[in-house]
Each structure stands twice: as C-alpha cells, then as structure tokens.
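Biologist: Please take one part of this model and look at it closely. I would like the surface first, then whatever surrounds it.

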Amino acid sequence: MKKGGGVLSVIGGAVGIVESVILILGAAIGLRFGDAYSALSFVMGWVGLVFSLALVLLGSLVLRSSQRWYGLMSLACACVGVLLASGVFVTILLTGPTTKGISLMRSGSTTYTSEALGVLWSSGWYIGIFLVLGVVGGVLATLGTTTRNQELNEPPSEKLPSSDT
C-alpha cells in the first residue's frame with residue numbers, strides 16, 4: 001500500500017503540474033488580451049503548481065523511505081491544496097456576480113451563471129481533481145507504512161558490550 005500511495009501521489013502531482021502550466025499559459029494569454037478573470041486563473045495556476053511540485057517531491061520521498069512522516073506530509077499538502085481550490089470555487093460561486101440566463105433544458109426555468117464560474121470550472125477544478133489523487137495516495141502511504149517498517153530502519157539504540165579487559 002505504501003508504494004501504491006507513493007505512485008498515486010507522484011502521478012497526481014505530475015498531472016497537476018501539467019494542468020497548472022497549461023492554466024498559467026492560458027491565463028497569460030488572457031491577461032494580454034484583457035480578459036476579466038485571467039488574473040484569478042494566473043494566481044490559481046501558480047498555487048496549483050507549488051502544491052503539485054510539493055506532492056511530487058513528497059510522493060517520491062514516500063517511495064524512497066519507510067517513515068510515516070512523509071506520507072502524512074503528502075496527505076497534508078494534498079488536503080490543503082484541495083481545500084484551497086474548493087474554497088475559492090465555492091466563494092466565487094456564492095459571492096460572485098451572477099446574471100440571469102435561460103436554461104435550454106426546460107422552458108420557463110432559469111439558471112444563474114457567472115463569467116468567473118466558467119473560468120474556475122475550466123481551470124482550477126482540474127488541478128483540484130488531480131490533488132484528490134494526492135489525498136488518496138497520502139492516505140494509502142500513511143496506512144501502508146507500519147510501525148514494524150519504521151523499527152527496522154531505525155538504528156539500534158543499545159550499546160554493544162565493550163571489549164576493554
């Protein structure tokens with residue numbers, strides 16, 4: 001389970017890095033053309049890049065050693081990233097400007113849409129999805145690292161008898 005958790009963390013972080021770079025480049029083009037919410041996408045891309053890089057690093061440390069600390073750090077990093085992505089999405093959803101639009105599904109029903117929601121849905125949500133792989137990987141790595149593996153890797157604390165006679 002430890003190796004599977006480390007592999008999931010590395011995969012989630014690597015795909016998160018790719019998505020973050022795509023988001024940063026797209027937001028930079030949008031900033032150049034004066035798009036309204038490109039600055040938000042740009043910042044979300046950099047935050048996603050930082051968390052994804054940390055997830056790759058911690059996932060590789062989980063694979064390399066058998067200390068529970070790295071699995072817990074990987075889990076914490078991925079959880080913070082997912083909570084930030086979800087928090088920004090929900091905050092914009094609840095407090096963002098909305099316009100009334102007609103739904104094509106049923107006549108007479110209305111939906112509320114926002115430009116910010118389209119930007120967030122198409123950009124930061126994908127990074128959050130791949131950080132969820134990091135959460136699952138961190139849980140597996142933490143559960144897969146047993147105390148027996150930790151005891152085997154620790155140096156013995158007993159003193160050997162001295163041969164002074």
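Modeller: Start with a nonpolar patch on the surface. Val43, Val47, Val80 and Leu84 make it, and it covers about 310 Å². Keep in mind that the model is predicted. Two helices share the patch. Helix H2 (38-64) supplies at least two of its residues, and helix H3 (68-95) likewise supplies at least two. Val43, for one, lies in helix H2.

Now set the patch against the whole surface. The accessible surface of the protein comes to about 10,500 Å². Carbon and sulfur atoms account for 68% of that area. As for the interior, buried residues make up 33% of the 165 residues.

Next, the cysteines. The structure holds 0 disulfides. Cys77 is in no disulfide, and the nearest cysteine sulfur, that of Cys79, is 9.3 Å away. Seen from Cys79, the closest cysteine sulfur is in Cys77, and 9.3 Å is too far for a bond. The cut-off for a disulfide is 2.5 Å between the sulfur atoms. The two cysteines also fall into separate exposure classes. Cys77 has 10% relative accessibility, so it counts as buried. The limit for that class is under 20%. Cys79 has 31% relative accessibility and therefore counts as partly exposed.

Now step back to the fold. The secondary structure comes to 6 helices and 2 strands. Along the sequence the pattern reads α-α-α-β-β-α-α-α. The two strands thus sit in the middle of that order, with three helices before them and three after. Contacts reach far along the chain. Take those between residues at least 6 apart in sequence: 75% of them join residues at least 24 apart.

One pair gives an example of distant parts of the chain brought together in space. Leu143 and Gly5 are 138 residues apart along the chain. Their C-alpha atoms are separated by 9.0 Å. Leu143 is found in helix H5, which spans residues 124-144. Is Leu143 buried or exposed? Its relative accessibility is 55%, so Leu143 counts as exposed. The class begins at over 50%.

To return to where we began: the patch of Val43, Val47, Val80 and Leu84 is nonpolar and lies on the surface. Helices H2 and H3 both contribute to the patch.

How values were computed
Residues numbered from 1 in each chain as written. Predicted model: local features only at pLDDT ≥ 70, side-chain atom pairs only at ≥ 80, totals over all residues. Heavy atoms only, no water. Helix = DSSP H or I, 4+ residues; strand = E, 2+ residues; numbered from the N terminus. Buried < 20%, exposed > 50% of the residue type's maximum accessible area, 1.4 Å probe, protein only. Contact = heavy atoms within 4.5 Å. Areas by Shrake-Rupley, 256 points an atom, 1.4 Å probe, with all protein chains shown as cover. Patch = residues over 30% accessible without salt bridge, like charges linked within 9 Å, V, L, I, M, F, W, Y side chains within 5 Å. Salt bridge = Lys/Arg side-chain N within 4 Å of Asp/Glu carboxyl O.
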